[in-house]
Amino acid sequence: MKKRDFIKYGGLLTGAMISSTFTSCGNNSGGKTGVRSRKTSPIKLTYTPYTLQLKHVFTLAAGSRTTTPVVLTKLECDGFVGYGEASMPPYLGESHESVQKFLSRVNMEQFSDPFLIEDILEYVDGIAPGNYAAKASIDIALHDLAGKIMGQPWYRIWGLNPEKTPCTSFTIGDDTADVVREKVAEAEPYKILKVKLGVGNDKNIIETIRSVSDKPIGVDVNQGWKDRNYALEMAHWLKEQNVIYLEQPMPKTMTEETGWLTQNSPLPVIADEAFQTKDDLFRVKDFYDGINIKLMKCGGMNAGYKLALMARAMGMKIMVGCMTETSCAISAAAQFSPLVDWADLDGNLLISNDIYDGVTVEDGRIILKDRPGIGIIEL
Ligand code: MG
């Protein structure tokens, strides 16, 4: 092992030792165990609302929009800064106002040990039910902070191989045939396309894409199909079009019908709107083939990573998805992407005013940065 590598990986060991012995008084007897002691200061939380501008109008079964509200958080401790983000698409019911109201109730200064991740997140979770994007903004910043103090990226702390990241899909929104063809051309660097169906012209957009590209397509219906027979007929037709999965084909309330579809569908059926947290995992496991984990739904990296392990243990397929987000939340989710079957982490690619540099996509595949924490820097 080269000296530089030894120092780098030795840092991880030291970090792990800090995490198990670090105390708020910062005065433990490091001499006997070799544990480094350090002075600590209370963790300071700050946050700023921000509005993401989308490059294209975003159309789903539920409606269209051109912006997404986010709140950017920072946690500071001992000169280290961890970055986080809450993204609030309208359908989850959170907003600039609700997230700031939640964050105003978070007293991070009572903590001076950022490695007490479980305790801190349990406290944050207990402040109020729901508010998962707001909670994710603390969770992500806390992971970034702890990773920076350890000097290691989270994928390495979790023991995941950065060579095993999946390709990310790139979303082609519904539009006129000419614009759809333009978007497919724009998506040239990506190996998998993702298409939103359920807006009434399902076959048209697939046929338009197939007129210019034979790349695999993931289909997300966003609960748009209400008839299980139509859904099954479409699943067979889509299979012939080299579609690889079917995400949330029917309303989340149509559990039995979706279970029937899953049993008969030639494509794996993935729960998105029907699945948010670990409680939902037990509920959906018999009706869907897999789940779409999103940090803004489940509350952040800690929950997302654990969900991926649980779903894998249950034999389910796993997708990691996103909202429209900056490279902050995208890079956070990408840390556990070596564990998943499919990644849909294109939220940062669909906006024109990103303010971070983080994970990139090369030859369609997610490239994790060798930077500590979640691996982002401010632009
Ligand atoms: Mg979806």
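**Exercise 1. From paired strands to a metal site**

Strand 6 and strand 7 are joined by four bridges and pair in the parallel sense. In this predicted model, determine which residue of strand 7 stands opposite D220, and which residues are the protein donors of the magnesium ion.

*Solution.*

Step 1. Locate the residues. D220 belongs to strand 6, residues 217-220, and E247 to strand 7, residues 243-247.

Step 2. Read the pairing. The residue that D220 stands opposite in strand 7 is E247.

Step 3. Identify the donors. The magnesium ion has D220 (OD), E247 (OE) and D272 (OD) as its protein donors, at 2.1 to 2.2 Å. Their spacing along the sequence is D-x26-E-x24-D. Since D220 lies in strand 6 and E247 in strand 7, the pair ties together parts that are 27 residues apart in sequence.

Step 4. Consider the surroundings. Both D220 and E247 are buried. Of the five residues of strand 7, four are buried, so this strand is largely enclosed by the rest of the structure.

**Exercise 2. The sheet as a whole**

State the order of the strands in the open sheet of eight strands, and explain why one side of strand 4 and of strand 11 is left without a neighbour in the sheet.

*Solution.*

Step 1. Write down the order. The strands of the open sheet follow one another as 4-5-6-7-8-9-10-11, with parallel pairing.

Step 2. Look at the edges. Strand 4 (169-172) and strand 11 (342-343) each have a single partner strand, so one side of each has no neighbour in the sheet.

Step 3. Examine one pair inside this order. Strand 8 (residues 269-271) and strand 9 (residues 290-293) run parallel and are joined by two bridges. Within this pair, A271 stands opposite I291 of strand 9.

**Exercise 3. Two helices with a buried face**

Establish which residues of helix 4 are buried, and why they line one face of the helix. Then treat helix 3 in a similar manner.

*Solution.*

Step 1. List the buried residues of helix 4. They are I117, I120, L121, V124 and I127.

Step 2. Recall the geometry. An α-helix has 3.6 residues a turn, so residues three or four places apart point the same way.

Step 3. Apply the view down the axis. The buried residues of helix 4 fall within an arc of 110°, so they line one face of the helix. The face turned away from this buried side carries E122 and G126, which are exposed.

Step 4. Find the packing partners. Helix 3 (96-104), helix 5, helix 6 (154-157) and helix 13 (301-313) are the elements against which the buried residues of helix 4 pack.

Step 5. Turn to helix 3. Its residues H96, V99, F102 and L103 are buried. These residues cover an arc of only 140° around the axis, which puts them on the same side of helix 3. Exposed residues E97, K101 and S104 are carried on the face turned away from the buried side.

**Exercise 4. A pair of packed helices**

Determine whether helix 8 and helix 9 are roughly parallel or roughly antiparallel to each other.

*Solution.*

Step 1. Take the geometry. Helix 8 (residues 202-210) and helix 9 (residues 228-240) pack at an angle of about 5°, and their axes are 12 Å apart.

Step 2. Apply the cut-off. Angles under 35 degrees count as roughly parallel. Helix 8 and helix 9 are therefore roughly parallel to each other.

Step 3. Name the residues that meet. D202, K203, I206 and E207 of helix 8 meet Y230, M234, W237 and L238 of helix 9.

**Exercise 5. Individual residues**

Decide whether Y155 counts as buried or exposed, and where Q248 is found.

*Solution.*

Step 1. Place Y155. This residue lies in helix 6.

Step 2. Compare with the limit. Buried means under 20% relative accessible area. Y155, at 3% relative accessibility, therefore counts as buried.

Step 3. List its contacts. Leaving aside residues up to four places away in sequence, Y155 touches L160, P162, Q335, L368, K369 and D370. Y155 and K369 are 214 residues apart in sequence and 9.8 Å apart in space, C-alpha to C-alpha.

Step 4. Place Q248. The residue is in the loop between strand 7 and helix 10 (255-264). Although Q248 is not a glycine, its phi is positive, at about 35°. With 0% relative accessibility, Q248 counts as buried.

Technical notes
Residues numbered from 1 in each chain as written. Predicted model: local features only at pLDDT ≥ 70, side-chain atom pairs only at ≥ 80, totals over all residues. Heavy atoms only, no water. Donors = N, O, S within 2.8 Å, 3.2 Å for Na, K, Ca; no water. Buried < 20%, exposed > 50% of the residue type's maximum accessible area, 1.4 Å probe, protein only. Pairing = 2+ DSSP bridges. Arc of directions from axis to C-beta. Contact = heavy atoms within 4.5 Å. Axes fitted to C-alpha atoms, helices over the stretch in contact; angles between N-to-C directions. Parallel < 35°, antiparallel > 145°, perpendicular 65-115°, else oblique.
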